[in-house]
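Biologist: Got a minute to go through this model with me? Put it up and start wherever you like.

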Amino acid sequence: MDEKRPLGQHEVAAKAPTKEDEFFRKEEAAARERAEADRKERERAEQKELHYMRCPKCGAELVEEAHESIMIDKCPECQGLWLDHGELEKINTREKGFLSRWFS
Ligand SMILES: [Zn+2]
């Protein structure tokens, strides 16, 4: 006689994920995402610490120099100049056509 016994609870759980399984799967995925975001943030902070106010060409520490109202970061080693966002436009406004002389 071919008698079929009903499936036990564990056997059922192994076949179809329960709402609880789904909950823990989502929790684990969210925890992995948070850990990844933390890792990226730490990496970004380390890179900033390493490169902040350093010449992108030779690595020397930049020195801030004021030219009227514009602050220019100057490299004492290779004499390179670094302008913050918007400062080139300020120079161009003051020295009419400064940019167009170079980039036209
Ligand atoms: Zn330099």
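Modeller: Start at a hairpin. E2 and E3 form one with 6 residues between the strands, and in it Gln79 takes a positive phi near 65°. Strands here are DSSP runs of E, at least two residues, and helices are runs of H or I, at least four residues, all numbered from the N terminus.

Biologist: Before we go on, what kind of model is this, and which cut-offs apply?

Modeller: This is a predicted model: local features need pLDDT of at least 70, side-chain atom pairs count only at pLDDT 80 or more, and totals for chains, interfaces and linings use all residues. Residues are numbered from 1 along each chain as its sequence is written.

Biologist: Back to Gln79. Is Gln79 buried or exposed?

Modeller: Gln79 is exposed, because 10 other C-beta atoms lie within 10 Å. The scale is this: buried means 20 or more other C-beta atoms within 10 Å of a residue's own, exposed means 12 or fewer, partly exposed is in between, and the C-beta atoms are placed from the backbone. Gln79 is not a glycine, despite that positive phi.

Biologist: What is the strand order in the sheet?

Modeller: E1-E2-E3, an open sheet of 3 strands with antiparallel pairing. Two strands pair if DSSP finds at least two bridges between them. Strand E1 (63-67) and strand E3 (81-83) are the edges; each has a single partner strand, so one side of each has no neighbour in the sheet. On average, neighbouring strands are turned by 35° against each other, direction ignored. That angle is between lines fitted to C-alpha atoms; for helices the fit covers the stretch in contact, and angles in general run from 0 to 180 degrees between N-to-C directions.

Biologist: How many bridges join E1 to E2? And E2 to E3?

Modeller: There are 5 between E1 and E2. Strand E2 (residues 70-74) has 3 to E3. In that second pair, Asp73 stands opposite Trp82.

Biologist: What about the hairpin of E1 and E2?

Modeller: That one has 2 residues between the strands, and Glu68 takes a positive phi near 55°.

Biologist: Which residue in E2 stands opposite Val63?

Modeller: Lys74. Val63 lies in E1. Beyond its neighbours within four places in sequence, Val63 is in contact with Lys74 and Pro76. Contact means C-beta atoms, placed from the backbone, within 7 Å. Val63 counts as exposed because it has 12 C-beta neighbours inside 10 Å.

Biologist: How far apart are Val63 and Met53?

Modeller: They are 7.9 Å apart, C-alpha to C-alpha, and 10 residues apart in sequence. Met53 is in the loop between helix H2 (19-51) and E1. Its phi is positive, about 55°, although Met53 is not a glycine.

Biologist: Why does Met53 count as exposed?

Modeller: Because Met53 has 11 C-beta neighbours inside 10 Å.

Biologist: New topic, the helix. How many residues has H2, and what does it span?

Modeller: H2 has 33 residues and reaches 48 Å from its first C-alpha to its last, close to the expected 48 Å. The expected span is 1.5 Å times one less than the number of residues.

Biologist: How many residues of H2 are buried?

Modeller: The count is 0 among its 33 residues, so H2 is hardly covered.

Notes
Contact = placed C-beta atoms within 7 Å.
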